[in-house]
Amino acid sequence: MARVDSIECPLVRAATVGIPATGEHLLGDAGPVGVESIDVGTPVGDDYAPLPLRLDGATVVVAGGTGFLGAHVVAELEHAGATVAGIGRAHYDLRRRDEIRRMLDDTRPDAVVHLAATVGGIGANQAEPGRFFYENATIGIELLEACRVVGIEKVCVAGTVCSYPRDTPVPFREADLWAGYPEETNAPYGLAKKMLLVQAHAYREQFGLNTVYLLPVNLYGPGDNFDLETSHVIPAMIRRFVQARDEGLGKVELWGDGSATREFLYVDDAARAFRLALEHYDGAEPVNVGSGSEISIRDLAHTVADVTGYGGEITWDVSRPNGQPRRRLDTTRAHELFGFAATTTLESGLRRTCDWYQQERATA
Ligand SMILES: NC(=O)c1ccc[n+]([C@@H]2O[C@H](COP(=O)([O-])OP(=O)(O)OC[C@H]3O[C@@H](n4cnc5c(N)ncnc54)[C@H](OP(=O)(O)O)[C@@H]3O)[C@@H](O)[C@H]2O)c1
């Protein structure tokens with residue numbers, strides 16, 4: 001397929017930036033928090049622009065706030081002074097329109113962070129592509145529609161690096177997002193989430209719903225999912241190496257041939273990016289959120305082995321898929337628009353994650 005340098009959705013070019021006027025605010029007497037608009041291209045850097053959304057005193061719903069990233073986002077927003085409702089399936093089934101409306105009526109938020117999703121590694125995506133498509137599309141579409149109907153001031157949506165085309169030139173730039181079909185193993189998930197970007201553009205254009213859309217790279221950290229059936233690569237490696245170390249196994253076999261590369265972002269850095277975007281960014285353009293560094297799965301395996309103290313052999317099951325060949329994001333836009341830069345090195349993040357996992361295991 002020919003390389004397409006830059007494809008923009010027409011709605012992005014036409015989008016306006018500013019305050020939605022989409023209906024009565026749910027907070028009633030408390031009223032909406034102060035919202036000002038900034039130009040899409042306003043560089044923020046370290047000298048932040050005036051806050052479009054002041055979190056101190058605001059009420060924020062984090063849909064998916066009981067999950068891995070969500071728990072860290074809830075803590076980050078609470079630290080910034082917000083009253084936060086972290087929502088999971090035990091509270092409301094967000095696939096259902098009536099449940100979403102009930103959630104918004106009960107919580108009456110100024111802002112909504114949308115992290116609720118059905119997620120998993122390559123195996124889980126391959127096993128249940130239909131569920132990954134349906135649940136991610138339905139939750140997102142219905143949630144954004146409800147936010148429009150009730151007039152939420154600001155919505156921040158988590159997209160995913162899995163939305164990028166399989167052969168995106170490295171580093172992935174936001175302008176290349178529409179330049180091809182994603183890697184097949186996670187395309188239903190990635191495309192379901194990418195449709196929320198189309199919805200966000202359309203709703204900004206037609207209804208003025210102020211939605212920002214972030215594209216986080218692969219995350220890791222304390223609280224991650226360590227279930228081998230559904231986990232991502234880092235928790236899976238940590239769990240298997242720790243087990244091999246403790247049981248004195250001489251060999252651990254991993255999927256693929258180890259040549260694929262990935263970028264990883266420590267979850268606390270990701271949570272800070274969501275907080276900064278909520279506070280400082282009001283634009284239609286999607287924004288990559290990553291660390292900007294790339295490592296092969298083979299090198300990652302050796303680093304995780306070091307961190308866990310596993311000294312045995314690592315072998316590769318080449319009959320298993322590698323997934324997308326390379327992944328690294330261009331993270332310039334996040335820095336320019338809302339001053340985000342990752343600060344946690346991979347090695348120190350891995351140590352903290354491994355320590356957390358071992359403590360959890362010890363107390364389980
Ligand atoms: N983890 C990554 O590496 C990564 C990378 C890029 C983007 N992202 C995106 O970041 C977001 C969070 O990912 P995560 O890894 O934190 O996932 P996670 O730990 O699996 O959390 C998913 C959250 O969604 C909630 N949820 C799922 N279905 C729901 C439903 N029908 N009704 C209500 N809540 C529902 C879960 O609630 P309960 O479990 O409490 O029921 C949980 O709070 C997702 O949008 C994901 O696409 C993640």
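# Exercises on a predicted model

Helix 9 passes helix 11 in a right-handed crossing. The structure is a predicted model, and the exercises below begin with this pair of helices before turning to other parts of the chain.

## Exercise 1: Helix 9 and helix 11

Find at what angle helix 9 and helix 11 pack, and state which residues make the contact.

Solution. Begin with the geometry: helix 9 covers residues 297–308 and helix 11 covers residues 346–363, and the two pack at an angle of about 50° with their axes 10 Å apart. Oblique angles are those that fall outside the roughly parallel, roughly antiparallel and roughly perpendicular ranges, the last of which runs from 65 to 115 degrees. Helix 9 is therefore oblique to helix 11. Next, look at the side of each helix that takes part: helix 9 contributes T303, V304, V307 and T308, while helix 11 contributes L346, E347, L350, R351 and C354. Sorted by class, the residues of this contact are five nonpolar, two polar and two charged.

## Exercise 2: Helix 7 and helix 9

Determine how the axes of helix 7 and helix 9 cross, and which residues of the two helices meet.

Solution. The axes of helix 7 and helix 9 come within 9 Å and cross at roughly 45°, so helix 7 is oblique to helix 9. The crossing of these two helices is right-handed. From helix 7, the residues V233, I234, M237, I238, F241, V242 and R245 meet I297, A301, V304, A305 and T308 of helix 9. The contact of helix 7 with helix 9 divides into ten nonpolar residues, one polar and one charged.

A further step concerns Q243, which has its place in helix 7, residues 233–247. Q243 counts as partly exposed because 15 other C-beta atoms lie within 10 Å. Although Q243 and T308 are 65 residues apart along the chain, their C-alpha atoms are separated by 9.6 Å.

## Exercise 3: Helix 3 and helix 5

Work out how helix 3 and helix 5 are arranged, and what classes of residue their contact has.

Solution. Helix 3 (residues 97–107) and helix 5 (residues 129–150) have axes that come within 10 Å and cross at roughly 45°, which means that helix 3 is oblique to helix 5. The handedness of the crossing is right-handed. On helix 3 the contact is made by R97, I100, R101 and L104, and on helix 5 by E142, L143, A146 and V150. By class, this contact of helix 3 with helix 5 has five nonpolar residues, three charged residues and no polar ones.

## Exercise 4: Two backbone details

State what is notable about the backbone at R108 and at the bond from V170 to P171.

Solution. The background is that most residues other than glycine have a negative phi, and most peptide bonds are trans. R108, which is not a glycine, nevertheless has a positive phi of about 50°. R108 is located in the loop between helix 3 and strand 3 (111–114), and it is partly exposed because 16 other C-beta atoms lie within 10 Å. The peptide bond from V170 to P171 is cis, with omega near 0°, and P171 belongs to the loop between strand 4 (154–158) and helix 6 (187–207).

## Exercise 5: The surroundings of E253

Decide whether E253 is buried or exposed, and identify its contacts beyond its neighbours within four places in sequence.

Solution. First locate E253, which is found in strand 7, residues 251–255. A residue counts as exposed if 12 or fewer other C-beta atoms lie within 10 Å of its own. E253 has 11 C-beta neighbours inside 10 Å and is therefore exposed. Setting aside its neighbours within four places in sequence, E253 is in contact with T315 and D317. The C-alpha atoms of E253 and E313 are separated by 8.5 Å, though the two residues are 60 apart along the chain.

## Exercise 6: The shell around the ligand

Establish how many residues surround the ligand and which elements give two or more residues to the shell.

Solution. The ligand is surrounded by 28 residues, of which the closest are G64, T66, G67, G88 and R89. Two or more residues are given to the shell by helix 2 (68–79) and by strand 6 (218–220). Helix 2 gives the most, with three residues. By class, the shell divides into 14 nonpolar, ten polar and four charged residues.

Note on methods
Residues numbered from 1 in each chain as written. Predicted model: local features only at pLDDT ≥ 70, side-chain atom pairs only at ≥ 80, totals over all residues. Near = placed C-beta within 6 Å. Helix = DSSP H or I, 4+ residues; strand = E, 2+ residues; numbered from the N terminus. Nonpolar A, V, L, I, M, F, W, Y, C, P; charged D, E, K, R; others polar. Axes fitted to C-alpha atoms, helices over the stretch in contact; angles between N-to-C directions. Parallel < 35°, antiparallel > 145°, perpendicular 65-115°, else oblique. Left-handed = near helix turned anticlockwise from the far one by under 90°. Contact = placed C-beta atoms within 7 Å. Buried ≥ 20, exposed ≤ 12 C-beta atoms within 10 Å, placed from the backbone.
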